[in-house]
Amino acid sequence: MESGPAIFAGMVFALFGGGLLVWTATRVWNREPVAHGVNPVASATLATLAAVIALALSVWCFTRL
């Protein structure tokens, strides 16, 4: 019964992190800005870092099962 919230949180983090990583990679590949009005390298780096952290949190949630 206690594994339900861990599965839900893990899936949310995995979907968010994976989606953000794919979106950031697509924007960088097409040489489009990741965030408007911000240094392109800094915005891509920050978005990638946020995606990796979300994916790491999803792995942590799944290890709690």
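Helices and strands here are runs assigned by DSSP, with at least four residues for a helix and at least two for a strand, numbered from the N terminus. Counted that way, this protein has two helices and zero strands. Its radius of gyration is 14 Å, well over the 11 Å that the globule rule gives for 65 residues, so the protein is more spread out than a compact globule. Keep in mind as you look around that this is a predicted model.

**The overall picture**

How far does the C-alpha trace span along its principal axes? The answer is about 45 × 15 × 15 Å. Of the 65 residues, 22% count as buried. The protein exposes about 4,800 Å², and carbon and sulfur atoms supply 75% of that area. Now for who touches whom: take the contacts with a separation of 6 or more, and 70% of them come from residues 24 or more positions apart.

**Three residues to click on**

Here are three residues and how much of each is accessible.

| Residue | Relative accessible area | Class |
|---|---|---|
| Ser 58 | 5% | buried |
| Glu 32 | 37% | partly exposed |
| Met 11 | 41% | partly exposed |

Let's start with Ser 58, which sits in helix H2, the stretch covering residues 40–63. Ser 58 counts as buried because its relative accessibility of 5% falls under the 20% cut-off. Which residues does Ser 58 contact, once its neighbours within four places in sequence are left aside? They are Gly 10, Phe 13 and Ala 14.

Met 11 belongs to helix H1. With a relative accessible area of 41%, Met 11 is partly exposed, and it's also one of the members of a nonpolar patch on the surface. Joining Met 11 in that patch are Ile 7, Leu 15, Phe 62 and Leu 65, and together the group has about 470 Å² of accessible area. Helix H1, which runs over residues 3–29, gives the patch its largest share, with three residues.

**A charged pair**

Side chains of opposite charge can pair when their charged atoms come close. How many salt bridges does this protein have? The count comes to one. You'll find it where the side chains of Arg 27 and Glu 32 meet, at 2.8 Å from N to O. As for the Glu 32 end of the pair, that residue is partly exposed, with 37% relative accessibility.

Technical notes:
Residues numbered from 1 in each chain as written. Predicted model: local features only at pLDDT ≥ 70, side-chain atom pairs only at ≥ 80, totals over all residues. Heavy atoms only, no water. Patch = residues over 30% accessible without salt bridge, like charges linked within 9 Å, V, L, I, M, F, W, Y side chains within 5 Å. Areas by Shrake-Rupley, 256 points an atom, 1.4 Å probe, with all protein chains shown as cover. Salt bridge = Lys/Arg side-chain N within 4 Å of Asp/Glu carboxyl O. Buried < 20%, exposed > 50% of the residue type's maximum accessible area, 1.4 Å probe, protein only. Contact = heavy atoms within 4.5 Å. Rg over C-alpha atoms; globule rule 2.2 N^0.38 Å.
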